[in-house]
Each structure stands twice: as C-alpha cells, then as structure tokens.
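Visitor: I should like to understand how the descriptions of this model are justified. Please take me through the reasoning.

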Amino acid sequence: MRAERCRARGRALAALRRWFEAHGYLEIQTPVLVPSPAMEEHLSPIEAGGAFLRTSPEFALKRVIAAGLGRVYEIGPCFRDREIGPWHRREFTMCEWYRTGAELGDLMDEVEALVDEVARALGVRPPSWRRATVREIFSEATGLDPAIASADELSGIDESFDDAFLRRWVSDVEPAMRGALFVSDWPASQAALAQVRQAPGWPVACRFEAYLHGVELANAFLELLDPVEQRRRFASANAARLAAGEPPHPVDEALIEAVGRMPRTSGIALGFDRLVAALCGWDSIAP
Amino acid sequence: MYQTSDIRNGLKVEIDGQPYIVTYFQFVKPGKGQAFTRTKLKNLLSGNVLDRTFKTGETLQPADITEGTHQYLYSDGEAFHFMNMETFDQLELTPESVGDARNFLVEEMEVSLMFYKDRPVSVDLPNFVELEITYCEPGVKGNTAQGATKSATLSTGHTVNVPLFIEQGEWVKVDTRTGDYVERVRR
C-alpha cells in the first residue's frame with residue numbers, strides 16, 4: 001500500500017460521489033454475493049459458499065431500475081477470476097451507473113464531466129475527448145474495415161471473427177490509441193446486454209467503450225429491454241461456455257423478468273482503479 | 001508445451017523454426033471478449049523483435065535452449081574465444097552473437113553462454129562488472145556535485161559517463177544491462 005495511491009483513490013472517490021449527488025443520482029448498495037455472476041462467455045466468476053462473488057453489480061442495479069428508480073449508481077468491489085496483470089486484478093472497484101431515458105451520447109457527456117471532476121480533485125489536467133466508431137478507429141490503425149474483412153483477412157489464423165477482430169484490437173488498435181477516446185458501434189456479436197441496430201455496412205451493438213491513454217476505462221450499453229432476446233443470449237453464452245469446457249452461468253430469472261419491465265435506459269460500468277491510475281499516469285492499478 | 005499463463009520475461013520459445021526470448025508481456029482482456037497476452041519476442045539468432053499476441057488457450061513450443069558457464073579467453077579480431085568451465089572445451093563466437101556484450105567483456109571473465117540446438121548464440125553477462133578506466137580527463141578534487149559527469153574510456157574500448165572525481169587508472173563498477181556507471185571500486 002502506497003500512501004500516494006491511497007490518497008489519490010480517496011480523493012477520486014469523494015469527487016465521484018460529489019458529482020453523482022450533484023446530478024441527482026442515488027447511491028445503491030447491492031449484494032456482493034449473488035446467485036448468478038454474469039452472462040458473458042469470457043467471464044470467470046469466483047465461487048463462494050454455494051454462490052458467486054459478483055463480476056459487476058449490473059443484474060442487481062437493473063432490478064433497481066425496473067423497481068422504478070431513474071438515476072442510480074454503485075461503487076464497490078467486483079471479482080473476476082483469472083484476470084491478473086498490470087491493468088487487471090481479481091478484485092477491483094467498479095463504478096456503475098444507470099439512467100432511464102438517457103441515450104449513449106448523454107452517457108458520454110456524463111463521463112466527460114465526471115472524469116473532469118475527478119481530474120481536478122487529483123490536480124491533473126482533464127483530458128479532452130474524441131468520439132469515433134469502431135470502424136473508424138480499427139481502419140485508422142490497421143487499414144482494414146472490420147465491417148467487410150473476414151476473420152482470415154484480420155488475423156490470418158483459423159479462428160472466429162470475434163477472436164480475429166479482438167486479436168487485432170489488442171495487438172494493433174489499442175496500442176495506437178492516444179488521449180481520451182469514446183469508441184462506439186461494436187460488432188453485433190459483441191453486444192452482451194446491449195441493443196443491436198443496423199448501421200451502414202453492418203449490424204452494430206448500441207454500446208461504447210471509453211479509453212484513456214489506451215486503457216479501457218468503461219463500457220456502456222443502451223440496455224436491452226427484450227426478455228426473450230435476453231434469455232436467448234444467456235443460452236448462447238452458456239452453450240459457448242459448455243463447448244469451451246467451462247461451467248455454464250446460472251440463468252438469473254429475476255434479471256430476465258426485470259429486463260421486460262425496464263424503461264429505455266442506458267448504463268455504464270467504469271473501472272475506478274483504472275480511472276485513477278490512468279489519470280495519475282501510474283503503470284498499473286496496484287494499490 | 002507452454003500455456004499462455006506460463007509466459008514471463010526470459011521464457012524461450014520456438015516460433016516458425018526460430019528461437020525467441022520473451023522480453024515483455026502483458027495480460028489484456030477486452031471488456032467483452034477472450035483474454036490475450038500481448039508479447040514482445042526477441043529473436044535469439046537475429047536480434048529482431050517480434051510483436052505477437054496469444055489468445056488464452058493457445059500453446060507455445062519451448063525452444064531447444066541450453067546454457068552453461070564459460071570463461072572468456074580472448075578475441076582474435078574475427079572471433080571471440082570462450083572455454084567451458086566444466087569440460088574445458090574451447091569454442092568461438094561471431095561478433096554478431098556476442099553483440100553488445102563485447103563492450104564489457106574482459107579476459108578471464110565468467111559469463112553464461114546460450115546455445116540453440118547446441119550452437120552458441122548469445123552471451124549473458126553478470127549484471128555488474130568491474131572495469132578499469134584507461135582514459136579520462138583529470139579528476140576534479142572535492143567535486144562530488146550530483147549529476148555532473150564526464151566521458152571515460154573502459155579497458156574494453158567502450159565509453160561510459162562517470163562522476164568528475166574519477167581518475168584514469170581507477171576501477172569502476174558498471175551495470176551491464178543499462179551501461180551505466182554504478183560506483184568506484186578499490187583494487
């Protein structure tokens with residue numbers, strides 16, 4: 001534990017809470033121990049006492065939204081097994097918020113304002129943001145258009161489109177990123193819990209990621225509101241997990257029911273440790 | 001076979017029939033996808049650096065690399081001669097294989113040689129070596145100001161920056177990884 005890092009994190013936490021309070025958000029505490037940890041194929045939960053440590057507070061916060069609250073946030077610990085590196089720890093702090101009636105552009109505005117508040121609290125210069133699409137960013141770095149290119153053209157390896165796309169993304173696209181960046185319109189196959197729409201050239205997920213100096217800070221969704229489609233995506237992620245020799249995630253029926261009752265909502269999960277580390281210019285999220 | 005979780009600095013792997021050493025690695029996992037390990041690999045024969053990204057679940061082939069302690073004997077201008085400290089066999093390395101290690105190699109120094117398929121490919125120096133200063137401008141008495149340095153030539157012909165108080169004929173400790181002066185040593 002380094003005093004400098006503890007101090008910065010404490011100041012950033014206070015700044016976040018100030019910003020949410022000033023913008024009409026209610027702080028929620030949802031359970032850390034949950035019956036269903038995630039829906040995505042590539043998340044490894046940690047089991048604890050016949051339940052799981054949450055990989056994010058997403059499911060519980062959506063139930064809060066379905067119960068009628070319009071602006072909610074939670075800051076708390078989340079757990080993802082097998083993720084260890086300078087920018088990954090098995091236990092990390094997530095800052096997640098949901099706002100009914102908001103579009104993805106509104107959430108980008110909020111990220112800008114909130115990062116501004118945190119940067120000022122830390123005494124560092126607030127970044128200025130660029131907004132771009134996956135197609136733009138990908139083709140700037142690789143010369144390839146992911147809406148047209150095949151998996152083979154992307155990586156030259158016999159693998160799925162998503163794996164080839166992400167291999168190039170982490171090898172060539174992320175390392176080329178500078179400054180603060182919103183990247184929207186992801187391949188529809190990487191939608192997770194976001195709505196999908198037809199964009200010019202290909203179907204895309206209504207989803208954006210925020211990056212600071214090449215570090216992925218946050219992921220936002222225009223939330224899926226269709227319980228039938230939600231159940232189908234659960235099943236499809238679980239089928240992929242079974243095929244890869246991983247245990248399927250238990251299906252969260254309460255979430256599926258809540259998805260059907262939610263109004264139009266956008267939500268975002270921001271890695272608190274990464275935000276502070278990237279703003280302060282640290283080389284890792286270690287405490 | 002190595003798994004991606006075995007990847008660490010110094011791991012030696014074979015890719016497309018060439019031996020590589022891992023010089024950098026980072027676990028990366030995009031928010032909605034498979035985990036990867038981003039690496040920089042240095043070709044042990046050519047010295048070229050390769051960027052390669054491995055998907056979790058992919059395997060890597062170990063390179064047929066062995067290492068052994070050798071004594072540096074001499075250079076005849078064309079090759080560098082070493083002796084195996086266990087078998088006393090002598091062998092020679094090309095200047096390309098010795099690389100930057102020549103800047104700090106002095107006769108009788110013990111070093112580790114790396115072999116790929118029984119062929120010597122590189123010299124691994126101790127982290128710190130002690131070398132004589134064969135030329136530098138005269139020392140400035142009492143000047144111990146932080147940061148003030150001058151250029152000095154080592155007995156290997158290589159130059160390093162040393163503090164102003166160092167005299168010609170004195171011995172210094174040098175960090176072979178960075179090429180930086182560490183301290184003056186009494187001999």
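Visitor: What makes strand β8 (residues 80-84) of chain B a partner of β9(B), and how many bridges join them?

Guide: The model is a predicted one. Pairing requires at least two bridges between two strands. Four bridges join β8 of chain B to β9(B), and the two run antiparallel; β8(B) and β9(B) therefore count as paired. Within β9(B), Leu91(B) is the bridge partner of Phe82(B).

Visitor: Where do these strands lie in the sheet of chain B?

Guide: The sheet is open and has five strands, in the order β9-β8-β7-β10-β11 (chain B), with antiparallel pairing.

Visitor: Why are β9 (90-93) and β11 (119-124) of chain B said to stand at the edges?

Guide: Each has a single partner strand, so one side of β9(B) and one side of β11(B) are left without a neighbour in the sheet. On average, neighbouring strands of this sheet are turned by 45 degrees against each other, direction ignored.

Visitor: Why are helices α2(A) and α8(A) called oblique to each other?

Guide: Helix α2 (residues 58-66) and helix α8 (residues 253-261), both of chain A, pack at an angle of about 40 degrees, with their axes 9 Å apart. Angles under 35 degrees count as roughly parallel, and 65 to 115 as roughly perpendicular. The angle of about 40 degrees fits neither range, and the helices are therefore oblique. The crossing of α2(A) past α8(A) is left-handed.

Visitor: Which residues make the contact?

Guide: Phe59(A), Lys62(A), Arg63(A) and Ala66(A) of α2(A) meet Ala254(A), Leu255(A), Ala258(A) and Arg261(A) of α8(A). Five of the contact residues are nonpolar, three are charged and none is polar.

Notes
Residues numbered from 1 in each chain as written. Chains lettered and ligands numbered in written order. Predicted model: local features only at pLDDT ≥ 70, side-chain atom pairs only at ≥ 80, totals over all residues. Heavy atoms only, no water. Axes fitted to C-alpha atoms, helices over the stretch in contact; angles between N-to-C directions. Left-handed = near helix turned anticlockwise from the far one by under 90°. Contact = heavy atoms within 4.5 Å. Nonpolar A, V, L, I, M, F, W, Y, C, P; charged D, E, K, R; others polar.
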